[in-house]
Amino acid sequence: KTRAEIDTEVARGLLLANGGGALALLAFLPTVFEKQPLRPLALPVVVALFVFHVGIVAALVHSHYRRRCSQIYENHGFHPPAGKLFGRSLNEPTVCWASWKWMWTSIVLFLVAGSTVFVGAICSIKHW
């Protein structure tokens, strides 16, 4: 039960992080287009906005697979069989492995989106 609660909070955190980033950039977007000195940030902001949205999708897929993983654990008395991927044995069921990969994908996408705006801002400052 505790593990399920932690997993739920992780999924919620991923959605909040990527969703919050997307919301912040959406609020900032009109300013970027209206103010001439901020125009160089338009492309990094739009790219980061797209990356945040992909991060939200990754978080949703993670949440779906996390639930399926929990069902497999419950159905096998918390000792599920190991999965296989491309003929290679895994330490856990395949759906659980996929859940972890989607979780890390969402985290990496959050970092990529933030870095995109950061690098865009640094490049804009250099050109002032």
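C123 is partly exposed in this predicted model, with a relative accessible area of 38%. The cut-offs explain that label: buried means under 20%, exposed means over 50%, and partly exposed sits in between. Two other cysteines, C69 and C96, come out as buried, at 7% and 2%. Here are those values side by side, with I122 added.

| Residue | Relative accessible area | Label |
|---|---|---|
| C69 | 7% | buried |
| C96 | 2% | buried |
| I122 | 37% | partly exposed |
| C123 | 38% | partly exposed |

So which cysteines form a disulfide? The pair is C69 and C96, and their sulfur atoms are 1.9 Å apart. That fits the rule, because a disulfide needs two cysteine sulfur atoms within 2.5 Å. The count for the model is 1 disulfide. If the word is new to you, a disulfide is a covalent bond between the sulfur atoms of two cysteines. The link between C69 and C96 is right-handed, with 95° about the S-S bond.

What does the pair tie together? C69 belongs to helix α2 (residues 42-75) and C96 to helix α3 (residues 94-126), so the bond joins parts that are 27 residues apart in sequence.

Now for the surface. Helix α3 also holds I122, which is partly exposed at 37% relative accessible area. I122 is one of the members of a nonpolar surface patch, alongside F118, V119 and I125. Taken together, these residues have about 380 Å² of accessible area.

Terms used: Residues are numbered from 1 along each chain as its sequence is written. This is a predicted model: local features need pLDDT of at least 70, side-chain atom pairs count only at pLDDT 80 or more; totals for chains, interfaces and linings use all residues. Side-chain values use heavy atoms; hydrogens and water are left out. Helices (H or I, at least four residues) and strands (E, at least two) are DSSP runs, numbered from the N terminus. Buried means under 20% relative accessible area, exposed over 50%, partly exposed in between (1.4 Å probe, protein chains only). Patches are made of residues with over 30% relative accessible area and no salt bridge: like charges are joined within 9 Å, nonpolar side chains (Val, Leu, Ile, Met, Phe, Trp, Tyr) within 5 Å. Accessible areas come from the Shrake-Rupley method with a 1.4 Å probe; for residues, only the protein chains shown count as cover. A salt bridge is a side-chain nitrogen of Lys or Arg within 4 Å of a carboxyl oxygen of Asp or Glu.
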